[in-house]
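Open the model in your viewer and keep the selection box handy. We will go from one helix to its neighbours, then to some aromatic rings, and end with a view of the whole chain.

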Amino acid sequence: MREAERLAALAHGAAYARFLVNGTTAGLHALFMAETGPGRSVILPRNVHRSVIGGLVLSGARPRFVAPEFLEEAGVSTVPTPAALREALEQEPGAVAVLLTAPTYYGWLPDVLEAAEVARRAGVPLWVDEAHGSLLGFHPRLPPGALASGADAAVRSLHKGGGSLVQASLLLTGPGGPEADRVDAALELLQSSSPSPLLLASLDAARAWLASGARPRLERLVEEAERLRQDLNRIPGVQCWGAEVVGQAGIAAYDPTRIVFSVAGLGLTGLQAAAWLRKEHRLQVEMADLVQVVVVLSAADGRTSVGRILDAVRRLAGEARQPSEPMRLPPPPLPPAVLTPREAFLAPARSVSAAEAEGEVAAEMVAPYPPGIPVLVPGERITRESLEHLRRLRRAGARIQGTADPTGATVRVVDGSAGSPGRRRRREGG
């Protein structure tokens, strides 16, 4: 397998690569276990995927969350700016790493090049959750990959567009990345000791295709995506995001193969539109939120599949509706951290009704899914604003994951001395 990994590293411009059979989740967890430890702080945006929170729980690291920018018109939290990362590093001189999501589920990227320079000047590595960027760097009309932009490590879900089987991902490192021995030791703990040969072979096949035969198909993919974007923008009430997002809300680049369109002008939420497309046209979109629908085109998609999407959205727009004000929910303010995620996860816990959870310390993640970004993180104080945010999302039809109670009616909170007022004051600096 090491020869296949060497070829993968060569194809991606990495110092070394590791095949992952438990998805990008395992690679992110391995970075945390290899490079952090109990109480050591990591700078990261508050809208990270729930798998990153798992890395904090496993390693005991302490998050120093940075608020991402907010694209008001889309109602979406985007990415943190390099200036926000610089400020966080100045306020947290003991930080051991910076982590970014690039691209986001919407295909939007922060300024990775500048973020890498900010991290370098602070003497810490930059890691990138590149789960949704399996094609980046393999065509000139796509943004460069994280390593090419100066990141020290990145984890890619090759199964998300790159051609491998589901669960098959790549951990890639640059010259300043973690020592291979440390990563290997972490992966020994995190992954199966009997990895599937099918998953491993699919990673090697995807690597071979990306390195040698992908460009013509990627050219067609980008052209079809751009044509679809233009055609969707001709439908009254539909707005398909493209290059105009660059320069807004911290966004420095976007993935043109990811089709993100607002249905607010149709008097619908994205969740309602996605449900209609699934029921009426048997089209399963990648995800939807309160405003947008997200469609991911693959290299296997051509004129026929693009035509199906366009026809379905045209029919959707033709349905008569009462106009309504779109629900754009800005994220709640960053809550105070009382315990680290690991401390809260391992502490004695009890279930309380969501209505009674205000002021308690979360013992579990609560994440609307997709995109799987937690509103409640273990160790944080549960605020009125966070509970109201979750209530409005549930009422709009969002699914909630990560909780012991899938209905969201109850929440697991820290019980006993771990969440006592005295310890809370010490953690909060009171």
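Begin by selecting Ser 51, Val 52, Ile 53, Gly 54, Gly 55, Leu 56, Val 57 and Ser 59, the buried residues of helix H3. Keep in mind as you look around that this is a predicted model. Now extend the selection to residues 50-59 to see H3 as a whole: eight of its ten residues are buried, so the helix is mostly covered.

What do the buried residues of H3 pack against? Colour these elements one by one: helix H2, strand E2 (41-45), strand E3 (62-66), strand E6 (97-101), strand E8 and helix H11 (341-346). Before leaving the helix, click on Gly 60, just after H3, where phi is positive at about 85°.

**On to the aromatic rings**

Two of the neighbours you have just coloured lead to the next stop. The structure holds two aromatic pairs. For one of them, show the side chains of Phe 32 and Trp 127: the ring centres are 5.5 Å apart and the planes meet at 75°, so this pair is edge-to-face. Phe 32 sits in helix H2 (residues 23-35) and Trp 127 in strand E8 (residues 126-129), so the pair links parts of the chain that are 95 residues apart. Are these two rings buried or exposed? Phe 32 is buried, at a relative accessible area of 0%, and Trp 127 also counts as buried, with 0% relative accessibility.

Next, select Tyr 106 and Trp 108. Here the ring centres lie 5.3 Å apart with the planes at 20°, so the pair is stacked. Both Tyr 106 and Trp 108 are buried.

**Zooming out**

Now clear the selection and show the chain as a cartoon. You should find 13 helices and 19 strands. Along the principal axes, the C-alpha atoms fill a box of roughly 60 × 60 × 40 Å. The radius of gyration is 21 Å, which agrees with the value near 22 Å for a compact globule of 430 residues.

Switch to a contact view if you have one: of the contacts between residues at least 6 apart in sequence, 71% join residues at least 24 apart. Buried residues account for 56% of the 430 in the chain.

Finish with the surface. Its accessible area comes to about 18100 Å², and 50% of that belongs to carbon and sulfur atoms. Colouring by charge brings up 47 positive and 45 negative side chains, and the centres of these two sets lie 3 Å apart.

How values were computed
Residues are numbered from 1 along each chain as its sequence is written. This is a predicted model: local features need pLDDT of at least 70, side-chain atom pairs count only at pLDDT 80 or more; totals for chains, interfaces and linings use all residues. Side-chain values use heavy atoms; hydrogens and water are left out. Helices (H or I, at least four residues) and strands (E, at least two) are DSSP runs, numbered from the N terminus. The radius of gyration is taken over C-alpha atoms; the globule rule is 2.2 Å times the number of residues to the power 0.38. Buried means under 20% relative accessible area, exposed over 50%, partly exposed in between (1.4 Å probe, protein chains only). Contact means heavy atoms within 4.5 Å. Accessible areas come from the Shrake-Rupley method with a 1.4 Å probe; for residues, only the protein chains shown count as cover. Lys and Arg count as positive and Asp and Glu as negative; His and the chain ends are not counted. The place of a charge is taken as NZ of Lys, CZ of Arg, CG of Asp or CD of Glu. Rings of Phe, Tyr and Trp (its six-membered ring) pair if their centres lie within 6.5 Å; planes under 30 degrees apart count as stacked, over 60 as edge-to-face and the rest as tilted.
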